[in-house]
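Please open the model in your viewer and keep the sequence panel beside it, since each stop on this tour begins with a selection.

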Amino acid sequence: MSTGRPCARCQQLTDRPVRVREIHSATGPGYNLWACPGCAPHYPPGPDALVDVRWKEYLDHVALCRRCLGNGDHCPRAVARHAAWKAARVATREGSR
Ligand SMILES: [Zn+2]
Ligand SMILES: [Zn+2]
């Protein structure tokens, strides 16, 4: 198994994650967004908060869901969260290109 982190932009696992965003949570410890070296310079610096939140929700689910972890596939809930992230991303200028 790879120990890399998923890139927040291209979703590829990267062994050399670059921290592109630090999200402060009101309910717990902060959360870091990671990108691969190739994407980091292109990651939008703007406040795409909704996209970040959706991505975090997706990662949080995948990290805890036995079904998602078990077979490496996405359960319906993961698919729904992933779709929500994509929808939020499309709404940004990053996704509109
Ligand atoms: Zn990437
Ligand atoms: Zn799942």
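The stops below go from the whole chain to its core, then to one helix and a few loop residues.

Begin with the whole protein chain, coloured by confidence, and bear in mind that this is a predicted model. The mean pLDDT of the chain is 81, and 84% of its residues reach 70 or more. If you then restrict the view to the secondary structure elements, strand β2 (residues 13-14) has the highest mean pLDDT among them, at 91, whereas strand β3 (residues 18-23) has the lowest, at 82. Where pLDDT is low, the predicted coordinates should not be read in detail.

Switch next to a cartoon and follow the chain from its N terminus, along which the elements run β-β-β-β-α-α-α, giving 3 helices and 4 strands. Of the 97 residues in the protein chain, 20% are buried. Among the contacts with a separation of 6 or more, 40% are made by residues 24 or more positions apart.

Now select Cys 7, Ala 8, Val 20, Leu 33, Trp 34, Ala 35, Cys 36, Val 51, Trp 55, Tyr 58 and Trp 85, the 11 residues of the largest nonpolar core. Two elements, β4 (31-35) and α1 (49-64), each give two or more residues to this core. Colouring the chain by domain shows where the core sits: because domain 1 (1-43) and domain 2 (45-97) both contribute residues, the core lies between them. In soluble globular proteins, nonpolar side chains tend to be buried together.

Keep the core displayed and add Tyr 43, which is in the loop between β4 and α1. Is this residue buried, exposed or partly exposed? With 19 other C-beta atoms within 10 Å, Tyr 43 is partly exposed, since a residue counts as buried from 20 upwards. Leaving aside residues up to four places away in sequence, Tyr 43 touches Ala 8, Arg 9, Val 20 and Ala 35. A distance label between the C-alpha atoms of Tyr 43 and Ala 8 should read 8.4 Å, although these residues are 35 apart in sequence.

Move on to α3 (76-90), a helix of 15 residues that reaches 21 Å from its first C-alpha to its last, close to the 21 Å expected at 1.5 Å a residue. Within α3, select Arg 81, Trp 85 and Arg 89, which are buried. These three cover an arc of only 80° around the axis, which means that they are on the same side of α3. Looking for what they face, you will find that the buried residues of α3 pack against α1. Turn to the other side of α3, and there Pro 76, Ala 83 and Val 90 are exposed.

From α3, step back to Asp 73, in the loop between α2 (66-71) and α3. Asp 73 is exposed, having 10 other C-beta atoms within 10 Å. Add Val 62 to the selection, and the C-alpha atoms of Asp 73 and Val 62 are separated by 9.4 Å, the two residues being 11 apart along the chain.

For the last stop, select Gln 11, which is placed in the loop between β1 (5-6) and β2. Which backbone angle deserves a look in Gln 11? The phi of Gln 11 is near 70°, a positive value in a residue other than glycine. Most residues other than glycine have a negative phi. Gln 11 is also partly exposed, with 14 other C-beta atoms within 10 Å.

Methods:
Residues numbered from 1 in each chain as written. Chains lettered and ligands numbered in written order. pLDDT = per-residue confidence, 0-100. Core = buried A, V, L, I, M, F, W, Y, C linked by C-beta atoms within 7 Å. Buried ≥ 20, exposed ≤ 12 C-beta atoms within 10 Å, placed from the backbone. Domains from an automatic or database assignment. Contact = placed C-beta atoms within 7 Å. Expected span 1.5 Å × (residues − 1). Arc of directions from axis to C-beta.
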